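This report is a short tour for a reader new to the structure. Look at the sequence and the model first, then read on.

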Amino acid sequence: MTLGALVLLFAVWQFWWTDVVADAASEDRVAALQESFASGAEISGGTTQGGDGAQGGSGGDPDERPQQDESIGDSPGPADPDDTTTDTTWAQGEDLALVHLPTVGELRPVAQGVDLSILNLGVLGHYPSSDLPGEVGNFAVAGHRTTYGAPLWSIGELQPGDPVVVETQEGWFVYALDRTQVIAPTQTEVIAGVPGDPAAEPTEAWMVLTACHPKFSAAQRIAAFALLDRFVPRADGAPPEVGA
């Protein structure tokens, strides 16, 4: 009975309480970013697309955050083949953007890095070796599909043409979903500058979101590929895809 009770308590913690805590932390970070974007204030950190200050708080010391029990099987997307940071403007764990997935009702901050200590806060994590929002190349992010806020729970429901909107201090980068694809955990080429073709020279601005597949398993990964449609400056107001 004691063992059964402990298993039940662990299941409650893993599949419910981690969502509660991570969602609360994510909502705080979203609010902080929205406030900084609206005020134009520079909080610590850097720029995207040449603007001034574009992020919120640091999210705390990664060493003090809980690590996920990977036996549950929900680990982040494919490993970064080059875990060196190409843009040193953003420190590990710092928030640099917001991602809107309006068709599935998700709004999440994007923090620098894809360590579990970061993703367990219910955020999306930016692969440090990938490009920044709106840049030619590939803005690649990872997130949990189950537990810890499950920001990409509905990634499999995204349809071609659905908007994927990345909000920064400068404005909104509106991407349109091209496709989703189930891949092996070793297929790191999906986060290359040209997704799927690391040797090619990028000429377009892509975004890729990665998560585990199927739900509650890490046997495979699912990747959602989106191509930049347009940029909307903050002075012009929010695009219709995200509302006012």
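A residue counts as buried when its relative accessible area is under 20%. By that cut-off, buried residues make up 49% of the 244 residues in this protein. The model is a predicted one.

**Confidence**

The mean pLDDT is 82. A value of 70 or more is reached by 73% of the residues. One stretch needs care: over residues 43-75, pLDDT stays under 50. The model has 104 contacts beyond four places in sequence for that stretch.

**Overall build**

The protein has 2 helices and 8 strands. Read from the N terminus, the order is α-β-β-α-β-β-β-β-β-β. Many contacts span long stretches of chain. Take those between residues at least 6 apart in sequence: 66% of them join residues at least 24 apart. The protein exposes about 10400 Å², and carbon and sulfur atoms supply 55% of that area.

**The barrel**

How do the strands come together? A closed barrel of 8 strands runs β1-β2-β3-β4-β7-β8-β6-β5, and its pairing is mixed. From one strand to the next, the twist averages 30°.

Three of the pairings are set out below, each with one pair of facing residues.

| Strands | Direction | Bridges | Facing residues |
|---|---|---|---|
| β2 (residues 106-112) and β3 (residues 124-126) | parallel | 3 bridges | Val-110 and Leu-124 |
| β1 (residues 95-101) and β5 | antiparallel | 3 bridges | Leu-98 and Glu-167 |
| β5 and β6 (residues 171-183) | antiparallel | 5 bridges | Pro-163 and Ala-176 |

**Strand β5**

Strand β5 covers residues 163-167. It pairs with β1 over 3 bridges and with β6 over 5 bridges. With β6 it also forms a hairpin, with 3 residues between the two strands.

Is β5 enclosed or open? It is largely enclosed by the rest of the structure, because 5 of its 5 residues are buried. In a regular strand the side chains alternate between the two faces of the sheet. Both faces of β5 are covered. Pro-163, Val-165 and Glu-167 are buried on one side. Val-164 and Val-166 are buried on the other.

**Ala-224 in strand β8**

Ala-224 sits in strand β8, which covers residues 220-233. Its relative accessible area is 0%, so it is buried. What does Ala-224 touch beyond four places in sequence? The list is Ile-155, Leu-158, Leu-177, Arg-179, Thr-180, Met-207, Val-208 and Leu-209. Leu-158 is 66 residues away along the chain, yet the C-alpha atoms of Leu-158 and Ala-224 are separated by 8.0 Å.

**Arg-29 in helix α1**

Helix α1 covers residues 2-39, and Arg-29 is part of it. Is Arg-29 buried or exposed? It counts as buried, because its relative accessibility is 10% and the cut-off is under 20%.

Which side chain does Arg-29 meet in a polar contact of 2.6 Å? The partner is the side chain of Asp-95. A polar atom of the Arg-29 side chain also lies 3.0 Å from the backbone oxygen of Gly-93. Asp-95 belongs to strand β1, which covers residues 95-101. The side-chain contact with Asp-95 therefore links helix α1 to a strand of the barrel.

Terms used: Residues numbered from 1 in each chain as written. Predicted model: local features only at pLDDT ≥ 70, side-chain atom pairs only at ≥ 80, totals over all residues. Heavy atoms only, no water. Helix = DSSP H or I, 4+ residues; strand = E, 2+ residues; numbered from the N terminus. Buried < 20%, exposed > 50% of the residue type's maximum accessible area, 1.4 Å probe, protein only. Contact = heavy atoms within 4.5 Å. Areas by Shrake-Rupley, 256 points an atom, 1.4 Å probe, with all protein chains shown as cover. pLDDT = per-residue confidence, 0-100. Polar contact = N/O pair within 3.5 Å; in protein donor to acceptor, adjacent residues only side chain to side chain. Pairing = 2+ DSSP bridges. Axes fitted to C-alpha atoms, helices over the stretch in contact; angles between N-to-C directions.
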